[in-house]
Amino acid sequence: MFFDFLWSRGKVWTQATADDLWDFEDWRTRSVRNPNKVGPDRWNRGLAAITRLYGWAAAQGHIEASPVVMRSAVGRHGEVIAIPEARAKNARASNVRWLTPRAFRRWVDVGLRGHSASGVPTPGWRGRLEDRNTSFAEVLMSSGMRLTEAASLLTFEMPRTELGGGRYYTGRLARAVTKSKRARTFYVAAPVLGAVEGYAESTRAAAVRRAQAKGRYDALPVRRVVTHQTGFARRLLHWVDQDGVAGQTPLTEATVAERMVLFTEGSEGPEPLWLWLNEQGLPFHPLSWENVFRSGSERCREVLGGVTVEPPFCTPHMCRHSMALHMLVVLHFVMDQRLGLTAEERRDFRLLYGDPWRMVQDLLGHAQVETTRDIYLAPVADLQLRALLADPEPMGEDGGGARSDAWVTSLLARIAQESEGIQDVDTLLEPA
């Protein structure tokens, strides 16, 4: 669009000046001659692309100087950064949205499981890979992993349920697949892990058998069969490719592309180590999950459009936001209510283990707690004050002072009513 704007002035892109960019900014955001003006968020995204393009062109010598005038500013952590002078100052830092757990369950039931508006299975529903899609969504909601992190898991990286196990199981994310490039621990609830195991033993196993029977794995241009693993703290994968060439890859250094070609030798032939597979038995690309979530939200809109004011919608990253919201409420509940700590004991607990904000920061893998507080959890920045001012829910039957899970649900519902961007069942089930 900027190039078209320059063309209307008789210029090509290498002839752009700072005045051209300022005129473009005025036309794009304020001019009455433009019937399709954009807001500050969209302008800043376009300006970022223009800045990168002309920064590259100047560095390569294609132009003498960039038309984007830069200025110095102080970053979030006190560092000096350069930003475009034309950057809009009233843009939102993020567009974060959340789902309460019960709103998420309704989205899963209607969007991925094919339930009707009344909450029962729709006759004739034939969901493609329903158990795979639902278990993956539950993994995102339970663990707070990013899309690529969860989508690139190998079969042996997902923890296994055990008899007498706890409510949560831990796994380890490899450094190469995380955004921060730092390995970290993730947690998955036991029921969610059971759903993943059910998918692996049924739909996934059937897809692998069909692919083996059709020879799909033998026809792959690149296939590395892992023969064995060594090491513990630094696990090393030993593999042999289709040409018989042997190699080694540290698990923590295995990229997404490398993980997609890793196999193991099964009883019926080679099997992918990539956990999430498509109907052909081949690795399901991480970006393809966006289409799964989009289809689920579209079905919710079709089924619930005439029943609710605002049908629930969900994206993979919304699961991460929502997990953070729910976990923060639960951690505040555990610290302030269930443990029954005095003010002094609560201070000592925070000194030893950190406050709930820092715990959620560690779960999400954020480098700075400000990211967790200011962007992901902005609606609950005053959570402790809300909890103190809220009407108390009935205590447990023993009267011991420990509030039930219903208290957490009611607090989330109250926050959803008072905050923008949080979807909850109570706010959705109103007559259209």
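This passage describes the fold, the packing and some individual residues of one predicted protein model. Because the model is a prediction, local features are given where pLDDT is at least 70 and side-chain atom pairs count only at pLDDT 80 or more, whereas totals for chains, interfaces and linings use all residues. Residues are numbered from 1 along each chain as its sequence is written, and side-chain values use heavy atoms, with hydrogens and water left out.

The protein contains 16 helices and 11 strands, where helices (H or I, at least four residues) and strands (E, at least two) are DSSP runs numbered from the N terminus. Of its 432 residues, 44% count as buried, a term that stands for under 20% relative accessible area, while exposed stands for over 50% and partly exposed for values in between (1.4 Å probe, protein chains only). Among the contacts in the protein with a separation of 6 or more, 61% are accounted for by residues 24 or more positions apart, contact being defined as heavy atoms within 4.5 Å.

Two packed helices are described by the angle between their axes and the distance between the axes. For helix α4 (residues 101-112) and helix α9 (residues 289-304), the axes come within 8 Å and cross at roughly 90°; axes are lines fitted to C-alpha atoms, for helices over the stretch in contact, and angles run from 0 to 180 degrees between N-to-C directions. The crossing makes α4 roughly perpendicular to α9, since angles of 65 to 115 degrees fall in that class, those under 35 degrees count as roughly parallel, those over 145 as roughly antiparallel and the rest as oblique. On the α4 side the contact is made by Arg-106, Trp-107, Val-110, Gly-111 and Leu-112, and on the α9 side the residues include Val-292, Phe-293, Arg-299 and Leu-304. By class, this contact of α4 with α9 has 8 nonpolar, 3 polar and 2 charged residues, where Ala, Val, Leu, Ile, Met, Phe, Trp, Tyr, Cys and Pro count as nonpolar, Asp, Glu, Lys and Arg as charged, and the others, Gly among them, as polar.

In soluble globular proteins, nonpolar side chains tend to be buried together. The largest nonpolar core (a set of buried Ala, Val, Leu, Ile, Met, Phe, Trp, Tyr and Cys residues joined through side-chain atoms within 4.5 Å) has 46 residues, of which Phe-104, Trp-107, Phe-136, Met-158 and Trp-276 touch the most other members. Several elements each supply at least two residues of this core, among them α4, α5 (130-143), α7 (190-214), α9 and α10 (316-338). A second, separate core of 16 residues includes Phe-2, Phe-5, Val-38 and Ala-86. When neighbours within four places in sequence are left aside, Phe-104 is in contact with Leu-99, Ala-137, Glu-138, Met-141, Cys-314 and Cys-319.

An open sheet of 5 strands follows the order β8-β7-β6-β9-β10, with mixed pairing; two strands pair if DSSP finds at least two bridges between them. Because β8 (246-250) and β10 (269-272) stand at the edges with a single partner strand each, one side of each is left without a neighbour in the sheet. Neighbouring strands are turned by 45° against each other on average, direction ignored. Strand β6 (residues 224-230) pairs in the parallel sense with strand β9 (residues 262-266) over 2 bridges, and Val-225 has Phe-263 as its bridge partner in β9. With strand β7 (residues 236-241), β6 pairs in the antiparallel sense over 6 bridges, His-228 standing opposite His-238. The hairpin of β6 and β7 has 5 residues between the strands, including Gly-231 with a positive phi near 85°. β7 and β8 pair in the antiparallel sense over 5 bridges, and the bridge partner of His-238 in β8 is Gln-248.

Most residues other than glycine have a negative phi, and most peptide bonds are trans. Leu-129, in the loop between α4 and α5, nevertheless has a positive phi near 55° and, at 13% relative accessibility, counts as buried. Lys-181, in the loop between β4 and β5, has a positive phi of about 60° and is partly exposed, with a relative accessible area of 42%.
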